[in-house]
Amino acid sequence: MVKSFIVFGLGRLGSTVAKTLYNMHNDVLAVDMNPERVKYVSENVTTAIEADLMDEDVFDDLGLSNFDCAVIAIGSSLDSAIMATIACVEAGVPLIVAKAPTKRYGHILKRLGAHTIIYPEIDMGMRLAKQLTDNGITDYFELSDDYGIVEYEVAEDWIGKSIRELQLRSEFNVNVIAIRRGKDLIVRHVAEEVLNRNDIIIFFGSDDDLKQMKNA
């Protein structure tokens, strides 16, 4: 089903989101005040326009009520992000996702009505820190303050055993949601899968439980 998206801000995050959504066969309107950024994405979205979001009249011409989702990827101007968020809320956009460089920035947009706040710099910093301090971890994705998804290299003593044999869920209260084996991602019948050397196991659980499992 084709959905319609509007993306405000065409920096690294915004342009990537806009182009990816378009490549997934969605309708995408991309908006930025920088003409070079607009030109850069123009051939990879449905429509790209140059607009100053500090001009309230701009929003009247965008038809915001027609979009399924708004992505506000403006990290350099809180004023512009505020204007875009308020306009989307007033238009009744069902899903408003806003980028924030700081927690304070994010709290402001959340209170204004943004449904989801993402913190690219903070999240990347956390992921990098976890990788640097744990040789076994290959990636980490925070889902909340207490829960996350983590990828671990298979432990030496797990090789040749199935997930069911290891009883990771009952012992550590974590769930194996997939196994990455080379270029393949195994998501079906994971519990019966016998682990090989160099497999990457993808776990879901609380930070405390994941840490306890790794230290066991």
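**Exercise 1. Decide whether Thr85 is buried or exposed in this predicted model, and find what it touches.**

Start with the location. Thr85 sits in helix α4, which covers residues 78-91. Next, take the relative accessible area. For Thr85 it is 0%. The cut-off for buried is under 20%. Thr85 is therefore buried. Last, look for contacts, leaving out residues up to four places away in sequence. Thr85 then touches Ile72, Ile96, Leu109, Leu112 and Ala114.

**Exercise 2. Work out how many disulfides the model has, and explain the case of Cys69 and Cys88.**

Step one is the idea. A disulfide is a covalent bond between the sulfur atoms of two cysteines. Step two is the cut-off: the two sulfur atoms must lie within 2.5 Å. Step three is the count, which comes to 0 disulfides. Cys69 is in none, and its nearest cysteine sulfur, in Cys88, is 9.0 Å away. Now go from the other side. The closest cysteine sulfur to that of Cys88 is in Cys69, and 9.0 Å is too far for a bond. Finally, check the surroundings. Cys69 has a relative accessible area of 6%, so it is buried. Cys88 is buried too, with a value of 0%.

**Exercise 3. Describe the second largest pocket: its space, its lining and the elements that contribute.**

Begin with the volume. The second largest pocket holds about 300 Å³ of space. Then turn to the lining, which has 21 residues. Closest to the pocket centre are Gly9, Asp32, Arg37, Ile74 and Ser76. Now ask which elements give two or more residues to this lining. They are α1 (12-23) and β2 (27-32). The largest share comes from α1, with 3 residues. To finish, sort the lining residues by character. There are 9 nonpolar, 8 polar and 4 charged residues.

**Exercise 4. Place Val154 in the chain, then find its partners in space.**

First, locate Val154. It lies in the loop between β8 (147-153) and α7 (163-166). Second, judge its exposure. Val154 has 12% relative accessibility, so it counts as buried. Third, list its contacts, leaving aside neighbours within four places in sequence. Val154 is in contact with Ile159, Leu195, Asn196, Arg197, Asn198, Asp199 and Ile201. Fourth, take one of these partners, Asp199. Val154 and Asp199 are 45 residues apart in sequence, yet their C-alpha atoms are 5.6 Å apart in space.

**Exercise 5. Give the phi angles of Gln167 and Asn198, and say where each residue lies.**

Take Gln167 first. Its phi is near 55 degrees, a positive value in a residue other than glycine. Gln167 lies in the loop between α7 and α8 (168-172). Move on to Asn198. Its phi is near 75 degrees, again positive and again in a residue other than glycine. Asn198 belongs to the loop between β10 (184-186) and β11 (200-206). Its relative accessibility is 66%, and the cut-off for exposed is over 50%. Asn198 therefore counts as exposed. Recall that Asn198 is also among the contacts of Val154.

**Exercise 6. Summarise the protein chain as a whole.**

Count the elements: there are 9 helices and 11 strands. Then check burial. Of the 216 residues, 40% are buried. Next, consider contacts between residues at least 6 apart in sequence. Of these, 51% join residues at least 24 apart. End with the surface. The accessible surface comes to about 12700 Å², and 50% of it belongs to carbon and sulfur atoms.

Note on methods:
Residues numbered from 1 in each chain as written. Predicted model: local features only at pLDDT ≥ 70, side-chain atom pairs only at ≥ 80, totals over all residues. Heavy atoms only, no water. 1 Å grid on protein atoms, 1.4 Å probe; cavity = no way out; pocket = protein on both sides within 12 Å on 5 of 7 lines; lining within 4 Å. Points joined across faces, edges and corners; volume = space filled by probe spheres on them. Helix = DSSP H or I, 4+ residues; strand = E, 2+ residues; numbered from the N terminus. Nonpolar A, V, L, I, M, F, W, Y, C, P; charged D, E, K, R; others polar. Buried < 20%, exposed > 50% of the residue type's maximum accessible area, 1.4 Å probe, protein only. Contact = heavy atoms within 4.5 Å. Areas by Shrake-Rupley, 256 points an atom, 1.4 Å probe, with all protein chains shown as cover.
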